Amino acid sequence: MRIFEIDRSRVSEHPALAPLALPGACAAQGYLWISLTRDEFRASLPEVQQILQSLCQAQLVDLHVADLLNDQLPSHYDYTSQYDVLVFRRLSSGPGQAALGNGKGTTGGEPPLPAPLRHGPPVLRRVDTRPVGFALFDRVLLSVHPEDGAVRDAFAARLLAAGSPDDKGAPALDVRATSARVPTGTADLMLRVINQIVDGYLDMRRELTRQLDHWQTELIDPRSRFTNWGALMEARQSLHHLDEICEDQRAAIQDWIDSLETLPPAQGEAEQRERELIMVRSRDVLEHIERVVHHVHRLEQNAETAVQMHFSVQGHRANDIMRVLTVLTAIFLPLNLIAGIFGMNFEFIPLVHKADGFWIAMMAMLVIALLLVLVFWRKRYLARTR
């Protein structure tokens with residue numbers, strides 16, 4: 001559990017939840033970021049609800065609590081008149097991370113679903129995802145993370161560095177840089193965390209591209225015998241799974257943007273500028289997701305094209321072999337005819353009773369064979385297809 005109070009350019013971390021429920025515990029112009037794992041959220045739910053009631057005069061409804069505790073929920077967006085809920089799936093931090101659990105159910109006493117076992121290169125195992133839930137209030141951002149909390153800890157380090165003062169008590173950065181780095185509100189903070197999650201998908205593109213390029217080289221090379229079909233099929237399934245995840249993410253962010261566009265007009269220039277900043281960040285996150293979707297589609301097409309080219313190359317190679325065998329058969333066909341004629345049991349056959357008849361027949365067969373080889377070579381029946 002990590003709790004941060006953000007007041008303009010100042011960021012401080014609180015050790016516990018209990019003092020925050022008291023009146024006046026949070027600055028009037030600031031807001032809280034309460035970040036918990038699912039186990040911590042399940043155990044601290046009464047305290048969290050008390051803090052939300054004290055600061056925001058609202059509490060999470062039971063269905064949204066169940067959504068935040070659900071470990072199998074896809075990316076989606078929902079809202080009430082007092083807060084918004086956004087669930088966004090992130091990549092696992094390592095192989096087997098999706099199998100982590102506490103033995104409890106996702107929403108109660110049912111056991112968690114077993115994670116699929118992925119084989120092949122390590123990059124394919126990273127396609128396993130876990131949901132991160134956000135409950136967005138005016139003064140509180142509640143985020144529920146998987147057990148490792150890797151995204152939360154990475155962003156918390158950046159947030160503390162942005163809001164930490166230097167030795168003289170002044171901000172570490174100038175006013176413009178600090179205002180650009182410290183989130184201005186709960187929505188801005190949520191979008192920055194989501195943007196960091198999407199950047200993990202963008203970083204994985206390079207590894208997937210290198211792996212598929214390596215397989216494409218092996219598939220297209222006519223001298224190689226590709227045998228890693230199981231890993232290639234697993235890669236195609238992983239890409240399809242990643243495509244579905246990104247489509248859900250895009251739909252959730254698009255619903256969030258649509259809800260922002262339906263808000264009443266802003267009161268004042270400061271509120272209008274903050275709302276425009278949120279819209280810009282939301283569209284930037286959506287553009288990043290669309291880039292991932294476009295890249296996944298291109299990788300799927302490349303993998304399908306490489307498989308088709310592989311079978312096309314193998315078909316051409318088989319055709320070359322059959323053509324050479326057919327040409328050799330055509331060359332030896334007249335030679336077999338001559339040998340068959342001279343092997344017939346007749347008494348009077350030309351050249352049979354001559355001393356040099358054998359060599360005359362052999363020379364004739366050699367000349368016929370050379371002429372046929374020359375003809376087939378000129379017609380490129382014996383040439384190798386490049």
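1. A good place to start is Ile-194. Apart from neighbours within four places in sequence, Ile-194 is in contact (heavy atoms within 4.5 Å) with Leu-86, Phe-88, Phe-134, Ile-253 and Val-285. Please keep in mind that this is a predicted model, where local features need pLDDT of at least 70, side-chain atom pairs count only at pLDDT 80 or more, and totals for chains, interfaces and linings use all residues. Residues are numbered from 1 along each chain as its sequence is written, and side-chain values use heavy atoms, with hydrogens and water left out.

2. Ile-194 also appears among the residues with the most contacts inside the largest nonpolar core, together with Trp-33, Leu-189, Met-190, Tyr-201, Ile-253 and Trp-256. This core has 58 residues. A nonpolar core here is a set of buried (under 20% relative accessible area, 1.4 Å probe, protein chains only) Ala, Val, Leu, Ile, Met, Phe, Trp, Tyr and Cys residues joined through side-chain atoms within 4.5 Å.

3. Which element gives the largest share of this core? That is α7, with 15 residues. Helices (H or I, at least four residues) and strands (E, at least two) are DSSP runs, numbered from the N terminus.

4. Do look at the second, separate core as well: it has 23 residues, including Val-65, Leu-68, Tyr-83 and Phe-137.

5. The lining of the largest pocket divides into 13 nonpolar (Ala, Val, Leu, Ile, Met, Phe, Trp, Tyr, Cys and Pro), seven charged (Asp, Glu, Lys and Arg) and ten polar residues (the others, Gly among them). A pocket is an open set of points on a 1 Å grid over the protein atoms alone, where a 1.4 Å probe fits, with protein on both sides within 12 Å along at least five of seven lines; lining residues have an atom within 4 Å of a point. The largest share of this lining, four residues, comes from α9.

Definitions and conventions: Buried means under 20% relative accessible area, exposed over 50%, partly exposed in between (1.4 Å probe, protein chains only).
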